[in-house]
Amino acid sequence: MNAPDRYERFVVPEGVAKVSYERDTKIINAASFTIEREDHTIGNIVRMQLHRDENVLFAGYKLPHPLKYKIIIRIHTTSQSSPMQAYNQAINDLDKELDHLKNAFEAELARHSGSQSRQY
């Protein structure tokens, strides 16, 4: 079969950075971030988080090719912020949100497990 090995979808090769940054030379306060070995799941989550930032004028992502396992996130900000600041803030906010979700899930699971053992 001609399909690439499955591990190529998620293992970042040696010498390749997980995230790379490229400033746009034509538009002020615009840049592209290439994230290796990710897909629509991360692209859409980061894009939506960037849209919550009032200093972000544009945020979008694309997959250059279905067999190239990377996404490119494009960010354009106002002069009050930079694409790097907006990206870092979005990642930090998502990290906090996911921690909160994990803690709420674990608390509910513990509550539910405790009530199950009392019923029997």
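Glu 36 and Arg 37 form a salt bridge in this predicted model, with their closest N and O atoms 3.3 Å apart. Glu 36 is buried, at a relative accessible area of 13%. Arg 37 also counts as buried, since its relative accessibility is 17%, and the limit for that class is under 20%.

The search of the whole structure finds five salt bridges, and I shall discuss two others. Lys 18 pairs with Glu 38, and here the closest N and O atoms are 2.9 Å apart. Lys 18 belongs to the segment before S1, while Glu 38 sits in the loop between S2 and H1, so this salt bridge ties together parts that are 20 residues apart in sequence. Both partners are partly exposed: Lys 18 has a relative accessible area of 34%, and Glu 38 has 23%.

The other salt bridge joins the side chains of Glu 108 and Arg 111, at 2.4 Å from N to O. These two residues are three apart in helix H2, and are therefore separated by about one helical turn. Glu 108 is partly exposed, with a relative accessible area of 40%, whereas Arg 111 is exposed, at 53%.

I turn now to the aromatic residues. How many aromatic pairs does the model contain? The count comes to two. In one of them, Tyr 21 and Phe 33 form a tilted pair, 5.1 Å from centre to centre, with 55° between the planes. Tyr 21 is in strand S1 and Phe 33 in strand S2, residues 30-36, so the pair connects parts that are twelve residues apart in sequence. Tyr 21 is partly exposed, at 38% relative accessibility, but Phe 33 is buried, with a relative accessible area of 1%.

Phe 33 also pairs with Tyr 87: the ring centres are 4.3 Å apart and the planes lie at 10°, so this pair is stacked. The angle qualifies because planes under 30 degrees apart count as stacked. Tyr 87 lies in helix H2, residues 83-119, so its pairing with Phe 33 of strand S2 ties together parts that are 54 residues apart in sequence. Tyr 87 is buried, as is Phe 33. Ring pairs thus link Tyr 21, Phe 33 and Tyr 87 into a cluster.

Phe 33 appears again in the surroundings of Pro 83. Pro 83 is found in helix H2 and counts as buried, at 4% relative accessibility. Which residues does Pro 83 contact, leaving aside its neighbours within four places in sequence? They are Asn 29, Ala 30, Ala 31, Phe 33, Ile 75 and Thr 77. For Ala 30, the C-alpha atom is 6.1 Å from that of Pro 83, although the two residues are 53 apart in sequence.

Next, helix H1. Gln 49 lies in this helix, which spans residues 40-51, and is buried, at 8% relative accessibility. Its side chain makes a polar contact of 3.0 Å with the side chain of Arg 52. Not counting residues up to four places away in sequence, Gln 49 touches Ala 90, Asp 93, Leu 94 and Glu 97.

Finally, the surface. Tyr 7, Phe 10 and Val 11 form a nonpolar patch there, and together they have about 320 Å² of accessible area. Phe 10 is located in the segment before strand S1, residues 19-23. Is Phe 10 buried or exposed? Phe 10 is exposed, because its relative accessible area is 56% and the exposed class begins over 50%.

Terms used:
Residues are numbered from 1 along each chain as its sequence is written. This is a predicted model: local features need pLDDT of at least 70, side-chain atom pairs count only at pLDDT 80 or more; totals for chains, interfaces and linings use all residues. Side-chain values use heavy atoms; hydrogens and water are left out. Patches are made of residues with over 30% relative accessible area and no salt bridge: like charges are joined within 9 Å, nonpolar side chains (Val, Leu, Ile, Met, Phe, Trp, Tyr) within 5 Å. Accessible areas come from the Shrake-Rupley method with a 1.4 Å probe; for residues, only the protein chains shown count as cover. A salt bridge is a side-chain nitrogen of Lys or Arg within 4 Å of a carboxyl oxygen of Asp or Glu. Helices (H or I, at least four residues) and strands (E, at least two) are DSSP runs, numbered from the N terminus. Buried means under 20% relative accessible area, exposed over 50%, partly exposed in between (1.4 Å probe, protein chains only). Rings of Phe, Tyr and Trp (its six-membered ring) pair if their centres lie within 6.5 Å; planes under 30 degrees apart count as stacked, over 60 as edge-to-face and the rest as tilted. Contact means heavy atoms within 4.5 Å. A polar contact is a pair of N or O atoms within 3.5 Å; within protein, one must be able to donate a hydrogen and the other to accept it, and residues adjacent in sequence count only if both atoms are side-chain atoms.
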